[in-house]
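Good morning, and thank you for coming. Please look at the structure on the screen while I speak.

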Amino acid sequence: MRQKELVRSATCGFVYGTSSQRLDGPARTSSSSCKRWTRRRTVVRLSSENVPIVREEDEGPSKPKPIVSVSSEGLQPTERVGSRKQVVQFLRILTHPALWRERVKVVVMCFIAFVITNVDRVNISVVMMPLSRYYDWSPVTVGLVQSAFFWGYLLTQIPGGYFADRYGGKVVFAFGVLTWSTMTMLFPYLVDRSLALTLISRGLLGVGEGVILPAMSQMVSKWIRVTERSRSLGFIYSGIYLGSIFGLAASPNLTMSIGWYYVFYIFGSLGLVWSVLWIALVGATPKTSKFISKQELRYISAGVEESGTALGEGIPWKKLFTSRPFWALMISHFCLTWGYFVLLTWTPTYFNSKLGFDMTSSAFLAIIPWASMFINANLSGFLADFAVSRGVSTNTVRKGMQTIGFLGPAVCLGLQTVTSNPALCVVLLAMATGLGSFCQAGVYSNHQDIGPSISGVLLGITNTAAAIPGIVGVFLTGLILDTYPNAWNLVFYITIAFYILGTLIFNNFATTERLF
C-alpha cells in the first residue's frame, strides 16, 4: 500500500513529508486526491517494559514543505543535506533517553575498559622478545618480569571487592584504570632505569587490573536487572577476549614500525582517556546518576534487589566460609580458570611443537581461540537471558550454562587426544575455548545471585583462588613438557579432570538463592 501511495504522489509532482517524519520508513505521502495534507510529528515513548515506541500523531491539516521533488533529473532534495536543522534533529533523536539508556552506557564503558586492560596485559608478551634482547635478560629474568603482574593481581582481589562494596564500584574502577594506565605509560622509562623499578611497575599494573573485576561486579549488581544480567556480563567479559585479539594483532605491527615503547605509550593513554569519560559520564548508582530518565530509574529499581547487608555492619565472614554454595562457586571458578590459563598460555607452543606450524602461523592461529570466546560469551548471555525471560528458573539456567562451559571443553579436549590432523586439532581447540566461555552465564553471574550487596567481595575472593592456576597450572604444564616433551595428552587429561570436578560440584552444591 505504501509503495502505491508513493507512486501516486510522485505523479502529482512531489513526495511530501515533514521534518519529523517516521524513523523506520519513507516520507509520509498525500492522499489519493493530492489535495488534503496532514502534518504529523514523531513521538518516542517508553512502554511498561521500557521498550522505545515510535509513533506519529496528527498536528492538524496543513501543507508541509516538500523534502524531495520529482523532476526529469530524478529525486531532488529541497533542503541541503547536512543542514543545521537536520543535524539538530538527528542529535535530538540520538540523545533521546528511549534510544540511549544509562545502563547501556555503563555496560559499554565496562566493555571498553576490559578491552584496554587485556591489551595492556598481553602487550608485554608480544614485545618481550625484542625487550629481552635489548636488555640482555636471561630466561629467569623474563619469567620474573612476567610473573610480577600476578603478585599485584592476587593481592588486590579481596581488598578491591571490599572497597567497591563499601565506597562504590565507580571509584574503585576509576582507581584501577588510572593505576594500570599510568604504569603502562611509565614502563619504557622505568625499564630503562633498573630491574627493580621494572618489577614494581608490573606489580602495580597487577594492582590496577586486580580491582576492576570486583568493581565491575558491584556496578552490574546495582545497574542491571536479573533478566538482562547474563548478556550484560557476557558482553563485558568478551572485552577481555577482544582486547587479546587486538593486542596480539596490533602490538607486533607497532613494534616493527615505530618501536616497542610506543606500544605502551599508545595503549596506556587510551586508559587515561577512558578514566576521564568514566568519571564525567557514569553514575555510581542509578539513583545518583545525573543523566538517567525517571522511566529507566523505575525500570531498574523494579528489577534490582536493594542491598540487604550494610558493609558498615561488617561482612558475614563466618557465614560466608561455612556456606556450601559459596565453596562450590569458588572451587568451580578455580576449575574453569585452570583450563583457561593452561590452554591459552600454551596454545602457541602446542601449535608449533605438536602440530608443526611455524612461529608466524602459530601466532596467527593463537588468535582463533580468543575470537571463538568473544562470539560464544555474547551468545551464552543472550541464550541465558532469553531462557529466564521465558520462565526457566535462574538456577536451571546457571547450571545449564556452566555445564556446557565445563563438559563442552572436556569433550573437545578428549577428541583432541585421539586425532593427529592439525586442522582438526585447531578447530577442536577453538571449540573448547569457545564453549568454555559459556561460564559467563554460569559461574561469573552467580556472584550477583547469591550476594548482590557484597558481590564485589565474593568475586574478589573467588577470583583470588581462580588466579592460582595462572601460576601453578602454567608452571606444572611447563614442568610436564620439560620432563616429557610430547606429553600433551597428559596436560589435556589433567584439564579434563578439573572440568569434570567443576561440573559435579557446581551442579550439586551451587544455588541462585540470595544468601548474603
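Let us begin at the surface, where Ile158, Trp317, Phe321, Trp327, Ile331 and Leu501 make a nonpolar patch of about 500 Å². Such a patch joins nonpolar side chains (Val, Leu, Ile, Met, Phe, Trp, Tyr) within 5 Å, from residues with over 30% relative accessible area and no salt bridge, that is, no side-chain nitrogen of Lys or Arg within 4 Å of a carboxyl oxygen of Asp or Glu. Areas come from the Shrake-Rupley method with a 1.4 Å probe, and for residues only the protein chains shown count as cover.

This is a predicted model: local features need pLDDT of at least 70 and side-chain atom pairs 80 or more, while totals for chains, interfaces and linings use all residues. Residues are numbered from 1 along each chain as its sequence is written, and side-chain values use heavy atoms, without hydrogens and water.

Helix H11 (317-321) and H12 each supply at least two residues of the patch; helices are DSSP runs of H or I, at least four residues, numbered from the N terminus. Phe321 lies in H11 and is partly exposed at 35% relative accessibility, which means between buried (under 20%) and exposed (over 50%).

Now to the interior. The largest nonpolar core, a set of buried Ala, Val, Leu, Ile, Met, Phe, Trp, Tyr and Cys residues joined through side-chain atoms within 4.5 Å, has 96 residues. Helix H12 (residues 324-354) gives the most to this core, with 14 residues. A second, separate core of 17 residues includes Met128 and Phe267.

Finally, Ser445, in helix H17 (residues 443-450), is buried, with a relative accessible area of 0%.

Conventions: Buried < 20%, exposed > 50% of the residue type's maximum accessible area, 1.4 Å probe, protein only. Patch = residues over 30% accessible without salt bridge, like charges linked within 9 Å, V, L, I, M, F, W, Y side chains within 5 Å.
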